[in-house]
Amino acid sequence: MRRIISATVLNESGVLNRLTGLLTKRQFNIENITVGHTEDPAVSKVTLTVWVEDDRKAEQLVKQLHKQINILKVRDLTNMALVSRELALIKVLTTPDTRSEIKMLIEPFRATVLDVSLENVTLEVTGDSEKVDALIELLRPYGIKEISRTGITAIPRGTQKKVLELHPYSIM
Amino acid sequence: MKASWVAEQKTVESSLVSGAELFIQGLQNENVDVVFGYPGGAVLPIYDALYKAEMKHVLTRHEQGAIHAAQGYARVTGNPGVVLATSGPGATNLVTGIADAMIDSIPLVIFTGQVATKVIGTDAFQEADIVGITMPITKHNYQVQKAEDLPRIMKEAFHIANTGRKGPVLIDIPKDIAVNNAPLKEVSDIHLPGYQPTLKPNILQVKRLNEALQMAKKPVLLTGAGVLAAKAEEELLAFAEYYQIPVAQTLLGLGGFPADHPLCYGMAGMHGTYAANMALYDCDLLIGVGARFDDRLTGNLEHFAKKAVVAHIDIDPAEIGKNVPTEIPIVGCAKETLKALNQTCGEKGNSSEWVIQLSKYRSELPLTYKSNDKELKPQKLMEILHEVTKGAAIVSTDVGQHQMWAAQYYTFSTSNRWITSGGLGTMGFGFPAAIGAKVGRPDLPVVAVVGDGGFQMTLQELGVLQDWELPVIVVIVNNKSLGMVRQWQEIFYEKRYSHSLLDIQPDFVKLAAAYGIEGKRAENEDEVREALEAALSSKKPFVLDCAVSADENVYPMIAPGKGLHEMIGVRG
Ligand SMILES: Cc1ncc(C[n+]2csc(CCOP(=O)(O)OP(=O)(O)O)c2C)c(N)n1
Ligand SMILES: [Mg+2]
């Protein structure tokens with residue numbers, strides 16, 4: 001299953017190395033990873049999307065990450081109400097005929113045109129991964145030249161549903 | 001306001017000293033009494049400071065020897081072992097020992113030299129990215145960027161190494177950092193927001209274990225090295241006795257519970273006793289204490305403690321539920337947790353029938369081997385060693401068959417006498433670890449039990465015995481083979497002994513003599529006994545090359561993929 005995990009880390013050299021090295025060592029497959037500063041300049045936030053087999057593996061991952069000295073906090077956001085966003089830059093081939101068609105097509109996605117040349121346009125779209133995927137699929141017939149995606153970053157919503165979570169192995 | 005002003009004053013007034021001197025100061029602050037190391041270009045400034053400070057330093061003959069010695073020292077003293085090596089090859093020679101200490105949770109603080117900061121990343125002479133290399137095999141590691149950071153980093157490193165789940169911490173010191181000046185100031189408290197090990201157990205979980213104990217008819221304790229690390233031997237004894245819980249031990253946990261106690265059923269796992277393995281197989285309540293359910297212990301997990309409610313006490317939350325689904329997870333230090341459990345004096349279950357059954361296994365199916373009068377049996381060798389040393393020696397082993405025989409037949413009634421490489425199974429570990437143990441506990445007899453194969457991996461450390469006149473007794477269990485490999489080839493590869501027979505060997509007695517060390521070859525029980533007695537009373541280093549039967553196998557044995565109840569060779 002797909003897991004979204006967020007880790008708050010000390011902004012020191014080597015932290016990212018330790019984090020990704022640990023995932024490799026324990027055979028977790030990173031689908032994407034984003035890193036950036038937080039409100040505190042000494043602290044960075046890493047958001048990871050990983051595939052794990054089951055809950056037990058997911059719990060192992062959280063615990064192993066938590067063990068690292070320069071990782072401050074780890075949260076498995078998967079089952080939380082959250083807002084998650086990803087940004088994608090998409091370069092699509094265009095002809096004079098298709099240019100306006102593409103413009104119409106991207107409108108409901110609130111994508112914007114960043115750059116236009118004779119043969120192609122570069123678009124920016126932000127949203128959850130499904131939305132980004134959907135737009136890419138729509139554009140594919142026109143010919144996609146290049147895609148650059150940031151990967152997901154996420155934050156739990158201010159209000160969470162109260163759920164009585166009884167985790168068999170959980171102790172954190 | 002005032003406090004910070006005072007603190008500032010202190011720095012301003014203090015004099016500037018070099019990074020190397022800060023290093024010495026840092027060691028002194030941590031009451032380090034010995035460093036195991038090997039010099040080289042990048043650590044010349046540090047070695048100069050060591051010289052001036054007259055710090056005790058054991059020069060091994062290989063960096064691997066230094067780190068294993070530090071491990072042996074840490075095992076018997078409970079203090080972190082300190083290692084110092086130069087950059088590049090000096091640092092990479094430590095890697096095996098670091099990995100070994102990581103997997104067996106041995107506290108070490110390792111210092112490596114590094115090329116100067118301005119050439120890091122240029123493939124300078126003897127540059128190796130040791131921080132990168134050791135990231136997955138250290139609890140934490142650092143590269144010092146400014147001399148003034150060194151005191152703080154050292155304080156953190158010693159704290160991290162020897163608290164929580166212990167382990168190795170590496171500090172990489174670029175050469176210019178050791179030379180640069182910085183103020184000699186006191187380090188205020190440690191601030192590690194990402195590191196707060198849980199020591200006290202959750203009372204709710206303790207209560208759940210109490211309840212489980214009332215219900216249990218077949219409880220068993222599986223105790224590991226966590227008991228020793230937490231110095232929880234007394235609490236464990238009280239707990240087991242109060243509830244009458246049989247005890248099985250892991251390889252690394254030996255000594256944590258007295259082997260001669262009626263509730264002790266010996267070592268469990270691949271070469272464990274019938275009683276200990278059946279206890280784990282058949283129990284209805286399994287309480288793991290400071291043990292990590294390693295695969296050599298559990299055998300096939302499909303059959304492991306399948307009828308049991310599993311409770312797991314461990315200081316490392318990541319160990320709980322990692323291999324074995326756990327109903328009662330208790331994160332905490334073994335000492336604190338057992339104390340809390342003892343304080344509740346809960347209602348006892350009735351384990352008497354279970355205890356009788358296991359005791360029957362123990363007396364009817366004990367560890368056994370077939371002796372004859374022609375050969376010296378390695379198991380007998382261990383029994384003689386136990387007898388001559390009155391079971392009170394520190395025993396450090398290498399890896400292989402002899403290690404298992406030592407674990408089986410040299411039984412311990414006291415803790416911190418047993419040193420062995422468990423998780424990594426590092427050949428070459430035993431002899432240098434014995435050296436470190438002797439340095440740490442000069443008051444106790446120290447015996448290195450090594451194989452003829454493994455001894456040849458680090459025997460250059462005979463130079464240290466000669467140098468320091470350290471009365472370590474080296475017992476070579478000489479079966480003229482890489483015995484454990486040979487055993488597996490015999491059983492699983494139809495006796496195709498591919499590269500496991502060591503017919504060509506050095507004359508170990510002459511080799512010892514070359515180092516000015518007395519040695520002897522023993523071919524039978526009497527010669528062993530005589531030589532050991534002489535060695536013990538001589539208080540000098542000694543090498544005893546024991547010709548044991550070459551085709552002996554370690555039994556009982558659980559083949560890979562089999563469950564704990566599927567032991568073979570239970571009757572020898
Ligand atoms: C560094 C290292 N290399 C290889 C092995 C694999 N190995 C495990 S036991 C063993 C044989 C050890 O032979 P010896 O030291 O003579 O001990 P014995 O088993 O004969 O008692 C080997 C090669 C190992 N554990 N460590
Ligand atoms: Mg051998």
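This is a tour of a predicted model, going from chain A to chain B and the ligand 1 site, and ending at some backbone outliers.

**Stop 1: chain A**

Select chain A and show it as a cartoon. Its 172 residues form four helices and nine strands. Followed from the N terminus, the order of elements is β-α-β-β-α-β-β-α-β-β-α-β-β. Turn the C-alpha trace onto its principal axes, and chain A spans about 60 × 40 × 30 Å.

Now colour chain A by burial: 40% of its residues count as buried. Switch on the surface, and the accessible area of chain A is about 9,900 Å², with 53% of it belonging to carbon and sulfur atoms. For contacts in chain A between residues at least 6 apart in sequence, 74% join residues at least 24 apart.

**Stop 2: the annotated domains of chain B**

Give three ranges of chain B separate colours. Residues 18-131 carry the UniProt annotation "domain: Thiamine pyrophosphate enzyme N-terminal TPP-binding", from an unreviewed entry. In the model, that range is 45% helix and 17% strand, and its end C-alpha atoms lie 23 Å apart.

Residues 206-341 of chain B are annotated by UniProt, again in an unreviewed entry, as "domain: Thiamine pyrophosphate enzyme central". Here helix accounts for 35% and strand for 20%, and the end C-alpha atoms are 6 Å apart.

The UniProt feature "domain: Thiamine pyrophosphate enzyme TPP-binding" (unreviewed entry) is placed at residues 398-546 of chain B. Helix makes up 42% of this range and strand 17%, with 15 Å between the end C-alpha atoms.

**Stop 3: helix α15 of chain B**

Select residues 334-344 of chain B, which are helix α15. Which residues of this helix are buried? Show side chains for A334(B), T337(B), L338(B), A340(B), L341(B) and N342(B), the buried residues of α15(B).

Next, add what they pack against. The helices are α10 (203-215), α11 (225-229) and α12 (233-243) of chain B. The strands are β12 (285-289), β13 (309-314) and β14 (328-331) of chain B. Step just past the end of α15(B) to C345(B), where phi is positive, at about 40 degrees.

**Stop 4: the ligand 1 site**

Centre on ligand 1 and display the 17 residues around it. Q401(B), H402(B), G425(B), G454(B) and G483(B) come nearest. By type, the shell holds six nonpolar residues, 10 polar and one charged.

Draw three distances from the ligand to backbone atoms. A polar backbone atom of G425(B) is 2.8 Å from a nitrogen atom of ligand 1. For M427(B), the distance from a polar backbone atom to a ligand nitrogen is 3.3 Å. At S481(B), a backbone N or O atom lies 2.9 Å from an oxygen atom of ligand 1. With the ligand taken alone, 580 Å² is exposed, and the protein buries 76% of that.

Two elements of chain B, α18 (401-409) and α22 (483-492), each give two or more residues to this shell. Which of the elements gives the most? Select α22(B): it contributes three residues.

Then select α18(B). Why can this helix be called largely enclosed by the rest of the structure? Nine of its nine residues are buried, so the rest of the structure largely encloses α18(B). They run from Q401(B) and H402(B) through Q403(B), M404(B), W405(B), A406(B), A407(B) and Q408(B) to Y409(B).

**Stop 5: backbone outliers in chain B**

Most residues other than glycine have a negative phi, and most peptide bonds are trans. The sites below depart from one or the other of these.

- D123(B) sits in the loop between β5 (108-114) and α7 (130-134) of chain B. Its phi is positive, about 60 degrees, although D123(B) is not a glycine. The relative accessibility of D123(B) is 72%, so this residue counts as exposed.
- K495(B) is in the loop between α22 and α23 (508-514) of chain B. Phi of K495(B) is also positive, near 60 degrees. K495(B) counts as exposed, at 55% relative accessibility.
- P556(B) lies in the segment after β20 (542-547) of chain B. Check the peptide bond from Y555(B) to P556(B): this bond is cis, with omega near -5 degrees.

Note on methods: Residues are numbered from 1 along each chain as its sequence is written. Chains are lettered from A and ligands numbered from 1 in the order in which they are written. This is a predicted model: local features need pLDDT of at least 70, side-chain atom pairs count only at pLDDT 80 or more; totals for chains, interfaces and linings use all residues. Side-chain values use heavy atoms; hydrogens and water are left out. A residue is near a molecule or strand if one of its heavy atoms lies within 4 Å of it. A polar contact is a pair of N or O atoms within 3.5 Å; within protein, one must be able to donate a hydrogen and the other to accept it, and residues adjacent in sequence count only if both atoms are side-chain atoms. Accessible areas come from the Shrake-Rupley method with a 1.4 Å probe; for residues, only the protein chains shown count as cover. Ala, Val, Leu, Ile, Met, Phe, Trp, Tyr, Cys and Pro count as nonpolar, Asp, Glu, Lys and Arg as charged, and the others, Gly among them, as polar. Buried means under 20% relative accessible area, exposed over 50%, partly exposed in between (1.4 Å probe, protein chains only). Contact means heavy atoms within 4.5 Å. UniProt positions are given in the numbering used here, feature names are shortened, and annotations may be inferred rather than shown by experiment.
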